[in-house]
Amino acid sequence: MIVKIETNCESYRNELEEMVRAFSPYLTLGEAGISVRADLLIEEDMAITDIKSPEYGKISREYPLDDDLSELYLKRYLKRYLKRDLYDYFSAMTAVNLSYGSLTGIRPTKLLYELIDEGKGRNELVDFFRVSPSKADLIAEIVNVQKGVIGTETEKADWFVNIPFCPSRCHYCSFLSEVIRPKKSNLPAYVDALIRDITCVPRSKPRRAIYIGGGTPTSLDEKQLDAVLSAIDAEGEEFTVEAGRPETLTAEKLAVMRDRHVTRVSVNPQTFKQETLDLIGRKHTVEDIYRAYRLVRDAGHFDVNMDLITMLPGESFEDLKRSIDIAIDLDPENITVHSLSIKRGSIFAETKYDNSSDGLAERMSDYAREALEKAGYRPYYMYRQKNTSGRLENIGYAKPDKVCKYNIDIMEETHDIYASGAGAISKRLFGNGRIERLAEVKEIKGYLERIDEMILKKKDFFRD
Ligand code: SF4
């Protein structure tokens with residue numbers, strides 16, 4: 001069905017249209033479609049939602065408004081009422097219930113923290129927001145696992161360093177990552193600029209966690225890696241380096257990382273099926289994954305994360321099950337399970353790859369959760385992206401006491417972030433939910449040309 005939204009709340013238009021997209025493929029946005037009016041009326045101490053279309057009738061509900069509500073809470077509640085009732089309307093139109101109900105544009109765990117502050121909790125996710133009981137339990141469990149880590153050491157800041165270079169381009173990737181060319185590579189110039197970026201900006205807060213991502217940071221050779229890590233100069237903090245592409249990992253690079261106090265390494269299989277790796281442009285073998293994992297374990301010392309993706313092209317439930325089971329047998333400290341997302345700018349988006357699932361994505365995700373929990377992992381952070389199969393989520397699982405603080409901090413937005421590198425985004429928190437961000441130039445060439453300007457801007461941004 002094609003649907004067009006009309007409303008007297010233009011400031012909510014994006015969110016109301018997002019609700020239509022949430023019901024894809026059952027609903028699509030289009031000017032020539034059924035006209036659904038979603039209005040919000042305020043009468044004395046009452047908010048009234050009014051959702052109607054000539055074809056599907058009307059839902060209208062009244063919500064008493066408390067006199068003492070601050071402007072922040074009033075806005076928050078009005079938006080919740082209108083979105084939830086529009087969700088109910090679409091759910092009745094399509095006879096479809098979404099597992100995350102009316103949640104769009106907000107991280108589920110962040111919402112639960114807000115609800116807890118309001119004196120409510122997990123049941124409100126089900127009763128008001130229409131989240132399925134199983135997803136509400138998942139969100140509540142993550143909030144529970146985060147206890148003792150979230151919001152601690154707020155006098156400290158996290159560090160992020162971006163290395164946007166990879167051996168080849170994965171077909172689902174939308175990052176601006178440069179494929180490494182033996183000649184004419186920007187990598188040496190990038191390393192020089194990055195080291196200036198890391199060392200020239202005064203950072204007044206002590207460090208809590210450091211994360212080097214990308215891209216594939218282990219695309220750097222040993223000397224380059226050592227130069228970047230020594231510029232960071234870690235002193236015992238949680239310190240992650242993504243070695244996402246297993247073919248880039250060597251014993252020498254691991255020795256550099258150990259000497260420079262890296263504590264956690266990501267080795268990302270995505271799948272243990274060779275045909276799929278070939279199909280998605282990974283350009284490495286399953287044997288490379290085992291080899292890289294053995295190298296990290298032989299080096300001792302590091303916690304390991306492994307990323308897997310559900311709904312990769314051509315994969316059956318059995319393929320995904322096998323990959324999850326192999327990852328569990330390998331016994332890394334963390335396993336992160338992503339739902340395939342079709343991102344703008346990726347090869348999958350360009351080739352219009354269809355990741356709709358008809359229930360398969362849900363079965364895969366349910367299996368992953370069940371098997372991982374049975375093996376002693378617990379979900380500790382989650383986020384949702386647009387255009388994922390089954391509109392599902394990405395979930396990080398950890399063995400007890402092995403959560404990655406950086407991942408929790410970045411998702412829940414609890415700490416300042418000092419970020420360096422092309423496209424990296426620094427953040428400052430000012431209390432009351434106010435967050436300011438400073439993004440560096442995304443393209444590598446632009447970053448190299450404008451590094452001096454970026455450093456000055458960042459010095460200013462972090463000035464007290
Ligand atoms: S390794 Fe990561 S950053 Fe590099 S192309 Fe693949 S998905 Fe993108």
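**Exercise 1. The hairpin of β17 and β18**

In which sense do strand β17 and β18 pair, and over how many bridges?

Solution. The model is a predicted one.
Step 1. Strand β17 covers residues 425-429, and its pairing with β18 is antiparallel, over five bridges.
Step 2. One pair of facing residues is Lys427 and, in β18, Arg437.
Step 3. The two strands make a hairpin with five residues between them. In the turn, Gly431 has a positive phi of about 85°.
Step 4. Strand β18 spans residues 435-439 and is hardly covered: of its five residues, the count that are buried is zero.

**Exercise 2. The open sheet and its helices**

Give the strand order of the open sheet with five strands, name its edges, and place the helices α1 and α2.

Solution.
Step 1. The order is β2-β1-β3-β4-β5, with mixed pairing.
Step 2. β2 (28-29) and β5 (57-64) are the edge strands, each paired on one side only.
Step 3. Strand β1 (residues 2-7) runs parallel to strand β3 (residues 34-43), and five bridges join them. Within this pair, Glu6 has Arg37 in β3 as its bridge partner.
Step 4. Helix α1 (residues 13-22) lies across β1, β2 and β3, at about 160° to β1.
Step 5. Helix α2 (residues 71-94) lies across β3, β4 (46-53) and β5, and runs at about 30° to β4.

**Exercise 3. Leu82 and Ala368**

Are Leu82 and Ala368 buried or exposed? List their contacts beyond four places in sequence.

Solution.
Step 1. Leu82 belongs to helix α2. Leu82 counts as buried because it has 26 C-beta neighbours inside 10 Å, where the cut-off is 20 or more.
Step 2. The contacts of Leu82, apart from neighbours within four places, are Cys9, Tyr12, Ala38, Leu40 and Thr49. For one of these, Leu40, the separation from Leu82 is 42 residues in sequence and 6.8 Å from C-alpha to C-alpha.
Step 3. Ala368 is part of helix α13 (residues 360-374). Ala368 is also counted as buried, because 25 C-beta neighbours lie inside 10 Å.
Step 4. With residues up to four places away left out, Ala368 touches Thr310, Ile324 and Val337. As for Glu124, 244 residues from Ala368 along the chain, the C-alpha atoms of the two are separated by 26 Å.

**Exercise 4. Domains and the nonpolar core**

State how the chain is divided and which domains supply the largest nonpolar core.

Solution.
Step 1. The division is into domain 1 (2-96) and domain 2 (157-420). Their C-alpha centres lie 38 Å apart.
Step 2. The largest nonpolar core has 108 residues, and those touching the most other members are Leu86, Val265, Val267, Val296 and Ile335.
Step 3. Domain 1 and domain 2 each contribute at least three residues to this core.
Step 4. Take Val265 as a case: beyond four places in sequence, Val265 touches Val241, Ala243, Met257, Val296, Phe302 and Val304.

**Exercise 5. Backbone geometry in loops**

Where are the cis peptide bonds at Pro25 and Gly215, and what is the phi of His301 and of Asp331?

Solution.
Step 1. Ser24 and Pro25 are joined by a cis peptide bond with omega about 10°. Pro25 sits in the loop between α1 and β2.
Step 2. From Gly214 to Gly215 the peptide bond is cis too, with omega near 15°. Gly215 is in the loop that lies between β9 (207-214) and α7 (222-232).
Step 3. His301, a residue other than glycine, has a positive phi near 75°. The loop holding His301 lies between α10 (286-299) and β12 (303-310). His301 counts as partly exposed, because it has 13 C-beta neighbours inside 10 Å.
Step 4. Asp331 has a positive phi of about 70°, although not a glycine. Asp331 is found in the loop between α11 and β13 (334-339). With 14 other C-beta atoms within 10 Å, Asp331 is therefore partly exposed.

**Exercise 6. Confidence**

Which elements have the lowest and the highest mean pLDDT?

Solution.
Step 1. For the chain, mean pLDDT is 93, and 100% of the residues reach 70 or more.
Step 2. Among the elements, the lowest mean, 86, belongs to strand β8 (residues 178-179), and the highest, 98, to helix α11 (residues 317-330).

Key. Residues are numbered from 1 along each chain as its sequence is written. This is a predicted model: local features need pLDDT of at least 70, side-chain atom pairs count only at pLDDT 80 or more; totals for chains, interfaces and linings use all residues. Two strands pair if DSSP finds at least two bridges between them. Helices (H or I, at least four residues) and strands (E, at least two) are DSSP runs, numbered from the N terminus. Two residues are in contact if their C-beta atoms, placed from the backbone, lie within 7 Å. Axes are lines fitted to C-alpha atoms, for helices over the stretch in contact, and angles run from 0 to 180 degrees between N-to-C directions. pLDDT is the predictor's confidence in each residue, from 0 to 100. A nonpolar core is a set of buried Ala, Val, Leu, Ile, Met, Phe, Trp, Tyr and Cys residues joined through C-beta atoms within 7 Å. A residue is buried if 20 or more other C-beta atoms lie within 10 Å of its own, exposed if 12 or fewer, and partly exposed in between; C-beta atoms are placed from the backbone. Domain bounds come from an automatic or database domain assignment.
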